[in-house]
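User: Please take a close look at a single part of this model and describe it in connected prose. Please then set that part beside other features of the chain.

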Amino acid sequence: HIASVDFRQLSELQLKNLHASFPAALAQHWEVLVSQVQDVKGHPSAVSLLPGSLLVEGKVLLPAGIAVADIAQKSDHGKNLQLRQKVSELLLSLNVPYTVEHGATDFEAGFPLRMVFEADLGC
């Protein structure tokens with residue numbers, strides 16, 4: 001969930017570019033192939049973008065031996081600075097306005113990003 005981005009204010013071009021760019025950012029963070037990032041319908045190299053500020057939903061197909069808990073731990077708020085910076089840079093490059101978390105001293109580190117992880121046993 002990306003807070004302080006108004007989904008309703010994004011242009012068609014911004015949404016198209018976000019759809020194209022988010023899978024690579026997520027794949028790089030979790031060290032998987034871009035094709036292993038899927039939208040909620042299972043399409044590879046894709047994410048689903050939904051209102052709720054900006055909600056990015058998808059699936060990451062994990063390599064054998066990697067547990068959901070490992071991914072969640074790597075992406076804890078204090079440990080996901082690289083992903084926060086990547087998503088922040090992505091939004092800035094697409095001219096998507098957002099607000100930095102109150103009290104943040106680093107513009108990119110203060111990026112409002114919250115992640116939730118659930119195991120999908122049907123994958």
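**A lysine in a loop**

Analyst: Lysine 41 has a relative accessible area of 71%, and because this value is over the 50% cut-off, the residue counts as exposed. The model under discussion is a predicted one. Along the chain, lysine 41 sits in the loop that joins S1 to strand S2, the latter covering residues 48-51. A second lysine helps to place this residue in space: lysine 59 is separated from lysine 41 by 18 residues in sequence, while their C-alpha atoms are 9.1 Å apart.

The confidence of the prediction should be read alongside this description. Strand S1 comprises residues 37-38 and has the highest confidence in the protein, at 90. The lowest confidence belongs to helix H2, residues 68-74, with a mean of 72. For the protein, the mean pLDDT is 77, and 71% of the residues reach 70 or more.

A further feature to consider is the second largest pocket, which holds about 150 Å³ of space. Its lining consists of 10 residues, and those lying nearest the centre are Gln28, His29, Gln82, Leu83 and Lys86. Two helices, H1 (12-30) and H3 (81-93), each provide at least two residues of this lining. Helix H3 makes the greatest contribution, with 5 residues. Sorted by class, the lining of the second largest pocket contains 4 charged, 4 polar and 2 nonpolar residues.

Conventions
Residues are numbered from 1 along each chain as its sequence is written. This is a predicted model: local features need pLDDT of at least 70, side-chain atom pairs count only at pLDDT 80 or more; totals for chains, interfaces and linings use all residues. Side-chain values use heavy atoms; hydrogens and water are left out. On a 1 Å grid over the protein atoms alone, a cavity is a set of points where a 1.4 Å probe fits but cannot get out, and a pocket is an open set with protein on both sides within 12 Å along at least five of seven lines; lining residues have an atom within 4 Å of a point. Grid points are joined across faces, edges and corners, and a volume is the space filled by probe spheres set on the points. Helices (H or I, at least four residues) and strands (E, at least two) are DSSP runs, numbered from the N terminus. Ala, Val, Leu, Ile, Met, Phe, Trp, Tyr, Cys and Pro count as nonpolar, Asp, Glu, Lys and Arg as charged, and the others, Gly among them, as polar. pLDDT is the predictor's confidence in each residue, from 0 to 100. Buried means under 20% relative accessible area, exposed over 50%, partly exposed in between (1.4 Å probe, protein chains only).
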